[in-house]
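Me: I've got a structure open and want to know what stands behind the labels people put on it. Mind going through a few with me?

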Amino acid sequence: MNWTSGRKVFAAPAEAPEFAVSDGIAIGTNVRESSGEGLAGFVRRSLYGSGAYDIFLRSGAPEKVLGTPPALQAGDPEAGRAILNGAHTRHGKHVPLPMLAKADISETGVSRYAQEFGWLADLRALGTDEAREFARHAVVDWLDIFGRWHPYTWRAEIVGNRLVNWLTHYGFFGWAGDDLAARRFLKVTGSQVSHLSKCYGEPRSGYGRLAAAKGLIYAGIALSDCGRHLDTGLNAMREQLEAQILPDGGHISRSPGVQARILEDLISIRDTFRAAHLDPPDWLLRPIPELAAVLRALRRADGALAGFNGGPAISVSESSAILSASKSRAGAAPGEPHSGFHRLAAGDSHLILDAGAPPPAYAHPWGHAGTLAFELVSGKEPLIVNCGSGMDGDPHWREALRTSAAHSTVIVDETNSSEIDSAGGFSRRCTNVSASRREAGNRVILEASHDGYLLPFGLTHRRLIMMAPSGEDIRGEDNLIGAGGETFAARFHLHPGVQASMLANGRSVLLKLRRSGWRFDASEYPVRLEDSVFRTPDGRTRRSRQVVIRGGLDGTGATIRWRLSRLAR
């Protein structure tokens with residue numbers, strides 16, 4: 001960060017380039033104007049789109065960038081090279097950067113990714129003159145096309161993230177202070193900050209409100225004449241943290257990806273304060289160790305985050321960097337009573353169980369109907385997983401991954417345990433979910449239950465999982481208690497790296513990993529191997545298999561016993 005003690009100084013590039021002005025793009029009619037709903041939303045949109053509002057926003061332009069906040073995550077130079085070559089992909093989709101002059105803006109993860117400018121980190125990591133010129137052209141194109149309010153590109157959370165990325169990487173792409181492009185940049189940046197100070201409470205999700213508050217905090221620290229926005233951002237951030245962080249340090253979204261991003265946000269804000277020779281408030285520092293401990297609990301033994309409740313895609317290297325930067329050594333607890341996650345670990349077997357209710361829409365619109373699902377890792381090799389957790393890619397995949405059938409749990413009559421609303425949230429949701437942990441002899445038992453099937457079928461699902469001290473014997477029992485429903489399916493999705501083969505008895509499956517082998521057995525019911533899919537964090541779809549126990553419900557419920565035993569080494 002280019003702040004020096006006693007006085008803040010920004011070191012801008014010595015020379016300014018010449019710029020080609022974009023001819024503009026056609027704004028697609030498929031952009032959903034979600035800055036508000038009903039009459040109040042209509043009034044807001046009418047106000048924001050007026051010429052008077054644009055004039056009002058222009059009145060608060062900062063004179064200079066005081067300094068550039070530090071970047072917590074390093075970019076990927078190979079991704080930067082792909083951007084220059086027009087071959088960059090995001091979640092399996094081609095990203096035509098700079099996309100602004102080539103495609104209509106639409107409600108997709110790729111559009112949002114381009115609009116938030118996080119990819120500047122990759123160009124910066126590449127570090128060539130060509131990469132710098134590309135970044136400058138992309139920013140100027142944006143100023144030309146979206147310099148006034150737009151219903152999608154000026155959403156509060158998108159503006160907040162864009163401001164963070166612009167200010168963080170301004171030392172890479174910026175201009176000398178008296179350059180025409182610099183003045184335009186500051187003018188439109190100031191308009192975005194002023195707009196954000198009016199609309200930071202509008203995002204639908206709690207995480208979106210935190211992103212908006214972060215943008216105001218960064219602007220208040222890094223831009224001249226914006227100190228008032230720092231106070232607004234800090235007040236909003238404190239209010240939202242108090243509302244969104246659970247007593248055990250988990251986030252109300254119950255999403256490992258969101259948990260990681262919020263921890264990253266707090267660390268970045270902490271480091272920005274310190275780099276500017278300012279003291280971060282105590283209330284900002286206090287949640288960091290607790291958030292880090294829960295993130296460790298949601299991180300599988302192979303380093304990946306558990307696939308529960310969607311959320312932004314986080315790579316192993318990203319989560320490692322976040323935890324390292326937290327400077328917290330708080331260990332992962334075996335159970336998170338408020339967050340609703342429980343762990344069993346013995347030998348080199350590690351299991352994480354989702355024993356909490358799906359998040360309400362205001363906490364996280366894209367939560368999953370995966371109650372009582374679990375993931376299991378043998379050594380550092382994932383064995384049983386859920387089908388994926390990304391929310392930034394194809395919306396059809398996002399909805400498919402939210403279903404109960406995409407999770408390693410029990411499904412009744414092919415019905416979701418919490419009924420998904422395609423607009424976000426749930427039209428019917430598990431609300432009574434309980435879990436306990438106890439020891440029986442020298443084994444640890446997790447017992448959990450949910451009422452998601454009580455309303456449609458009069459059934460309660462109870463799951464017991466017991467792990468031996470060696471970690472080489474894992475036994476489970478699923479009980480459907482009640483008199484309704486016709487059929488059930490207990491699904492155990494296998495990671496694509498697992499080779500599975502049925503045994504002749506029809507109730508056993510051999511599961512082979514590179515470094516170990518396991519045997520899956522069912523007691524009362526036959527098992528089948530069926531096709532499945534696994535969506536990787538970067539949006540690739542990989543074929544996989546699933547072990548499925550199917551049976552009928554005869555009015556007295558069902559007891560489904562299963563066992564995983566490690567084969568001799």
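Me: Which residue in S23 stands opposite glutamate 477?

Reply: Arginine 561 does. Before we go on, this is a predicted model, where local features need pLDDT of at least 70, side-chain atom pairs count only at pLDDT 80 or more, and totals for chains, interfaces and linings use all residues. Residues are numbered from 1 along each chain as its sequence is written, and side-chain values use heavy atoms, with hydrogens and water left out.

Me: Why are strands S16 and S23 called paired?

Reply: Two strands pair if DSSP finds at least two bridges between them. S16 (residues 473–482) and S23 (residues 558–566) have 8 bridges, in the antiparallel sense, so they pair. The strands themselves are DSSP runs (E, at least two residues), numbered from the N terminus; helices are runs of H or I, at least four residues.

Me: What makes S18 an edge strand?

Reply: S18 pairs on one side only, and so does S13 (433–440). The open sheet has 8 strands in the order S13-S14-S15-S16-S23-S20-S19-S18, with antiparallel pairing. The partner of S18 (residues 499–502) is S19 (residues 508–512), joined to it by 4 bridges. In one of them, glutamine 499 is matched with lysine 512.

Me: Which residue in the S18 and S19 hairpin takes a positive phi?

Reply: Glycine 506, with phi near 80°; there are 5 residues between those strands. S19 and S20 also form a hairpin, with 4 residues between them. Across that pair, leucine 511 has tryptophan 518 as its bridge partner.

Me: How do you know that H9 is mostly covered?

Reply: Buried means under 20% relative accessible area (exposed is over 50%, partly exposed in between; 1.4 Å probe, protein chains only). In H9, 15 of the 20 residues are buried, so "mostly covered" fits.

Me: What is the 29 Å reach of H9 set against?

Reply: The expected span is 1.5 Å times one less than the number of residues. For H9 (residues 180–199) that gives 28 Å, and the 29 Å from first C-alpha to last is close to this.

Me: What makes a nonpolar core?

Reply: It's a set of buried Ala, Val, Leu, Ile, Met, Phe, Trp, Tyr and Cys residues joined through side-chain atoms within 4.5 Å. The largest one here has 83 residues, and Trp119, Leu123, Phe173 and Met237 have the most contacts inside it. Helix H10 (residues 206–222) brings the largest share, 10 residues. Apart from this core lies another, of 43 residues, including Phe457 and Trp518.
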